[in-house]
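Colleague: I have a structure open and would like to learn how to read it. Could we take it one feature at a time?

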Amino acid sequence: MANEIEDKSAGSKENIKALVEGTIDWEDAKKMMRMSPKDEDRFVKYLEVLQERVSWKEKILCRMSEHLYVVRKDDGSRVVKCDCGHELGDYRVNWKLSTKIRVRRGLEEISQAYSLKEVVPNPDLIDAREYYCPGCYARLAVEVVPTGYPIIFEMLPDIDQAHAKAGKPLADQSPDWFQDKTNELISQWTKKVKV
Ligand SMILES: [Zn+2]
């Protein structure tokens, strides 16, 4: 996929559109974000193409995965938003905490959805966790982990840096945007439970 992106000449909007409509994901997006200065324009076009594909108006700052984006809201906050429009909170907090989670435990349940017999040494000790958008029920992520393992925060994107590198620094850039705030939400929940 990387080579395919590199080979596209000058990154015309049509080419970018084709890539976006294919299987471009965060890995590819990261590659596009590492572009040389002459490709700055491609980054802007990439975001424009993504924006045209969604039905809502909040400005897309970054694509996280097939369904998820980081957008800027009118109040200046940056949140994770599903293509269906459902919002999953401050992007600095692991968005999985705002999904509907289904946990499959044990080989029997897991094997209903996956063929893991060969790769999992002790299936009795693992869970397959599925994260669903509460708005459209698209499955947003799956992780197979030991039972009780903390929810994995796959990535906190450095959005300011990506835009700055593309020659389009964001007006509201600040070091505060690049901080994992997941534990703040969890401690809020903990307080609620105690009350
Ligand atoms: Zn959704």
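Modeller: Start with what counts as an element: helices, of at least four residues, and strands, of at least two, are DSSP runs numbered from the N terminus. With that, D172 can be placed in the loop between α6 and α7 (182-194). Keep in mind throughout that this is a predicted model.

Colleague: Is D172 buried or exposed, and why?

Modeller: The general idea is to count neighbours: a residue is exposed if 12 or fewer other C-beta atoms lie within 10 Å of its own. D172 has 12 C-beta neighbours inside 10 Å, so it counts as exposed. Its C-alpha atom and that of S77 are separated by 9.8 Å, although the two residues are 95 apart along the chain.

Colleague: Where does M155 lie?

Modeller: M155 is in the loop between β7 (139-146) and α6 (159-165). M155 is exposed because 11 other C-beta atoms are within 10 Å. The C-alpha atoms of M155 and M64 are 8.4 Å apart, with their positions 91 residues apart along the chain.

Colleague: How many helices and strands does the protein chain have?

Modeller: There are seven helices and seven strands. In sequence order the pattern is α-α-α-α-β-β-β-β-β-α-β-β-α-α.

Colleague: How much confidence does the predictor give the protein chain?

Modeller: The mean pLDDT is 83, and 76% of the residues reach 70 or more. Over residues 1-10 the pLDDT stays under 50, and the model has seven contacts beyond four places in sequence for that stretch.

Colleague: Which strands make up the open sheet, and in what order?

Modeller: The general idea comes before the case. Strands of a sheet pair through backbone hydrogen bonds, either parallel or antiparallel. Here the open sheet has three strands in the order β5-β6-β7, with antiparallel pairing. β5 (100-105) and β7 are the edge strands, each pairing on one side only. From one strand to the next, the twist averages 20°.

Colleague: How many bridges join β6 to β7?

Modeller: Seven bridges join β6 (residues 126-132) to β7, and the two strands run antiparallel. Within β7, A141 stands opposite Y131.

Colleague: What do β3 and β4 form?

Modeller: They form a hairpin with four residues between the strands. G85, in the turn, has a positive phi of about 110°. β3 (78-82) and β4 (residues 87-90) pair in the antiparallel sense over two bridges. K81 has E87 in β4 as its bridge partner.

Colleague: Which residues touch the most other members of the largest nonpolar core?

Modeller: In general, such a core is a set of buried nonpolar residues joined through C-beta atoms within 7 Å. This one has 25 residues, and those touching the most other members are C62, M64, L68, Y69, V70, V71 and V80. Two or more residues come from each of α4 (40-53), β1 (59-63), β2 (68-72), β3 and β7. Domain 1 (2-92 + 156-174) and domain 2 (97-146) both contribute residues, so the core lies between them.

Colleague: What does Y69 touch?

Modeller: Leaving out residues up to four places away in sequence, Y69 touches L50, I60, C62, R63, M64 and K81. K81 is the residue whose bridge partner is E87.

Colleague: What share of the protein chain counts as buried?

Modeller: Of its 195 residues, 26% count as buried. Among contacts with a separation of 6 or more, residues 24 or more positions apart account for 47%.

Technical notes. Residues are numbered from 1 along each chain as its sequence is written. This is a predicted model: local features need pLDDT of at least 70, side-chain atom pairs count only at pLDDT 80 or more; totals for chains, interfaces and linings use all residues. A residue is buried if 20 or more other C-beta atoms lie within 10 Å of its own, exposed if 12 or fewer, and partly exposed in between; C-beta atoms are placed from the backbone. Domain bounds come from an automatic or database domain assignment. Two residues are in contact if their C-beta atoms, placed from the backbone, lie within 7 Å. Two strands pair if DSSP finds at least two bridges between them. Axes are lines fitted to C-alpha atoms, for helices over the stretch in contact, and angles run from 0 to 180 degrees between N-to-C directions. pLDDT is the predictor's confidence in each residue, from 0 to 100.
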